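Thank you for making time for this today. I would like to walk you through one structure, going from the whole fold to a few single residues.

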Amino acid sequence: TAYTKGEGSVGTRTASGTAVRRGVVAVDRKVLPLGTKVYVVSNDGKYDYGVAVAEDTGVRGNTIDLYMDSLGECIQFGVRDCTVYILD
C-alpha cells in the first residue's frame, strides 16, 4: 500500500525521527528492522519504487507502506503485490 503526509494521523516525521519523503517505507519492525535498505518493484512489473529505507512503522505483518508525495499517487498505486529485495 502507499501513504503520504497529512493522511489521517500521518505527520511529517517517521518513527525513526526523520522527515517523511520519497524513499521511506513503513514496516512492522518485528518483520523488518528499522534502517533496513530495500528495493521494491510490483509483481506485475508496472511500478518500480526503487531503493528505499525502512524508517517508519504503522503496518503489521508481511506488509509495507510506500511513502508517496501526494494522495493522487497513493490512489493511483492502490494496493499491489510487490517483491521486496533486502539490500542490507
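I will begin with the overall picture, then turn to the sheet, and end with three places in the loops.

Please keep in mind throughout that what you see is a predicted model. The secondary structure of this protein comes to one helix and six strands, and if you follow the chain from the N terminus, the elements run β-β-β-β-β-α-β. The radius of gyration is 12 Å, close to the 12 Å that the globule rule gives for 88 residues, so the protein is as compact as a globular protein of that length. Taken along the principal axes, the C-alpha atoms fill a box of roughly 30 × 30 × 20 Å.

How much of the chain is buried? Buried residues make up 35% of the 88 residues. As for the surface, the protein exposes about 5,200 Å², and carbon and sulfur atoms supply 49% of that area. Among the contacts with a separation of 6 or more, 69% are between residues 24 or more positions apart. On the side of charge, there are 10 positive and 11 negative side chains, and the centres of the two sets lie 4 Å apart.

Let me now come to the sheet. In which order do the strands stand? The six strands form an open sheet in the order β1-β5-β2-β4-β3-β6, and the pairing is mixed. At the edges stand β1, residues 2–3, and β6, residues 82–86, each with a single partner strand, so one side of each is left without a neighbour in the sheet.

Strand β4, which covers residues 48–56, is a good place to look at the mixed pairing in detail. With β2, residues 24–26, strand β4 pairs in the parallel sense over three bridges, and there the bridge partner of alanine 26 is aspartate 56. With β3, residues 37–42, strand β4 pairs in the antiparallel sense over five bridges. Two of the facing pairs are lysine 37, which stands opposite valine 53, and valine 41, which stands opposite aspartate 48. The hairpin of β3 and β4 has five residues between the strands, and in this hairpin glycine 45 takes a positive phi near 75°.

Strand β3 also pairs with β6, and here again five bridges join two strands that run antiparallel; tyrosine 39, for instance, stands opposite tyrosine 85 in β6.

Which side chains of β3 are buried, and which are not? In a regular strand the side chains alternate between the two faces of the sheet. Along β3 we find this alternation, with Val38, Val40 and Ser42 pointing to one face, where they are buried, while Lys37, Tyr39 and Val41 point to the other and are not buried.

That leaves the three loop positions. The first I have chosen is serine 16, in the loop between β1 and β2, which counts as partly exposed because its relative accessibility is 39%. Leaving aside the neighbours within four places in sequence, serine 16 is in contact with Leu34 and Glu55. Serine 16 and aspartate 56 are 40 residues apart along the chain, and yet their C-alpha atoms are separated by 6.2 Å.

Next comes aspartate 44, in the loop between β3 and β4, and at 46% relative accessibility this residue too counts as partly exposed. The C-alpha atoms of aspartate 44 and aspartate 81 are separated by 7.9 Å, although the two residues are 37 positions apart along the chain.

Finally, is lysine 30, in the loop between β2 and β3, buried or exposed? Lysine 30 has a relative accessible area of 80%, and since the cut-off for exposed is over 50%, lysine 30 is therefore exposed. Lysine 30 and cysteine 82 are 52 residues apart in sequence and 19 Å apart in space, C-alpha to C-alpha.

Notes
Residues are numbered from 1 along each chain as its sequence is written. This is a predicted model: local features need pLDDT of at least 70, side-chain atom pairs count only at pLDDT 80 or more; totals for chains, interfaces and linings use all residues. Side-chain values use heavy atoms; hydrogens and water are left out. Two strands pair if DSSP finds at least two bridges between them. Helices (H or I, at least four residues) and strands (E, at least two) are DSSP runs, numbered from the N terminus. The radius of gyration is taken over C-alpha atoms; the globule rule is 2.2 Å times the number of residues to the power 0.38. Buried means under 20% relative accessible area, exposed over 50%, partly exposed in between (1.4 Å probe, protein chains only). Contact means heavy atoms within 4.5 Å. Accessible areas come from the Shrake-Rupley method with a 1.4 Å probe; for residues, only the protein chains shown count as cover. Lys and Arg count as positive and Asp and Glu as negative; His and the chain ends are not counted. The place of a charge is taken as NZ of Lys, CZ of Arg, CG of Asp or CD of Glu.
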